[in-house]
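The following exercises concern aromatic side chains and their surroundings. Work through each task with the coordinates open before reading its solution.

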Amino acid sequence: MADPTQNPEQQGPLSDLPITPQAGHSAQSNKSNRMPDQPVTDTNRSAASSPVGKPAAYTPVTPPRGRHWLLPWLSLSLCLLLALVPMLVDLAKAQVVSANELASIKMSTDTWAQQRRMADQQWTLHAWVPCLEGHSRFDQPPGTIWLHLLSFSGLNADASSQLLVYRARLVSVGSGLLIVASVFWAGMSIGSLVTASLAALVCVANPTLMHHSRLATETMPMVALPMFSIGAALGAARPRKPTAAVGRQASGWMLCGLAGGRTVMAGGPMKAVA
């Protein structure tokens, strides 16, 4: 029997056309021959970029440090300088017209005189008890009086009353600057440099703050210490920023507690709560 493949009559009229594989069949076969796709990971990427047989070690990416790290300190210095100018203008020549300032200075100078009288005696805690006209005042919180005594350091017994008033007023000036710095610190902890600068400038523009910063009363220490406590707490917590280091958190909470306790000594527990 003859081979039918050799008979042109049995091959049909389309036998001389070239036969090519179908496109769909080719794509399906190629797809079946490929390996399933694998997710791209850091290990695959590093292995692909490394020489064969030597995978590269993974190096964590750390965020770059800010270039302008001095800018917050410069902004804070500028705010403190703007606040210092109105606080010190004619501070030594201003007369004592406030009854609260007169009472505070009187008690501070009497306590200072008591310490000088007891200087030759054995050191006792009684020398640090606030006194008024020779009578001890155990009901008076000693925090502000102690700050005034610290400002009297280095003065002679014959120092003028105007000099004593000026030294006592410097305590309020320092408390006012501490308020501005604490507000700036809080602004940096919950916002940006612009937020901190604007908040500090608002404090500087407050006439009530400037007025009480020039009086030797207990008002400014009682306001400055709670503000510093709040700034230290926000600096440790950083609610809207990445978590701070453990050392920074510990120091912030420690300063917060110390400032809170110092507030009670400056104005008493009832005034601190109020």
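**Exercise 1: an exposed tryptophan**

Decide whether Trp 73 counts as buried or exposed in this predicted model, and state which surface patch includes Trp 73.

Solution. The relative accessibility of Trp 73 is 57%, and because the cut-off for exposed residues is over 50%, Trp 73 counts as exposed. In terms of secondary structure, Trp 73 belongs to helix 4, residues 71–88. Together with Trp 69, Leu 70, Leu 71 and Leu 74, Trp 73 makes a nonpolar surface patch of about 590 Å².

**Exercise 2: ring pairs**

Establish how many aromatic pairs there are, and classify the pair Trp 128 and Trp 146 by its geometry.

Solution. The count comes to three aromatic pairs. In one of them, the ring centres of Trp 128 and Trp 146 are 6.4 Å apart and the planes stand at 90°, so the pair is edge-to-face. Trp 128 lies in the loop between helix 5 (99–117) and strand 1 (131–132), whereas Trp 146 lies in helix 6 (residues 143–151), so the pair ties together parts that are 18 residues apart in sequence. Trp 128 is partly exposed at 33% relative accessibility, and Trp 146 is partly exposed with a relative accessible area of 30%.

**Exercise 3: a second geometry**

Classify the pair Trp 185 and Phe 228, and locate its two members along the chain.

Solution. The ring centres of Trp 185 and Phe 228 lie 5.9 Å apart with their planes at 55°, so this pair is tilted. The pair links distant parts of the chain, with Trp 185 in helix 7 (residues 161–190) and Phe 228 in helix 10 (residues 219–237), 43 residues apart.

Notes: Residues numbered from 1 in each chain as written. Predicted model: local features only at pLDDT ≥ 70, side-chain atom pairs only at ≥ 80, totals over all residues. Heavy atoms only, no water. Patch = residues over 30% accessible without salt bridge, like charges linked within 9 Å, V, L, I, M, F, W, Y side chains within 5 Å. Areas by Shrake-Rupley, 256 points an atom, 1.4 Å probe, with all protein chains shown as cover. Salt bridge = Lys/Arg side-chain N within 4 Å of Asp/Glu carboxyl O. Helix = DSSP H or I, 4+ residues; strand = E, 2+ residues; numbered from the N terminus. Buried < 20%, exposed > 50% of the residue type's maximum accessible area, 1.4 Å probe, protein only. Phe/Tyr/Trp six-rings, centres within 6.5 Å; stacked < 30°, edge-to-face > 60°.
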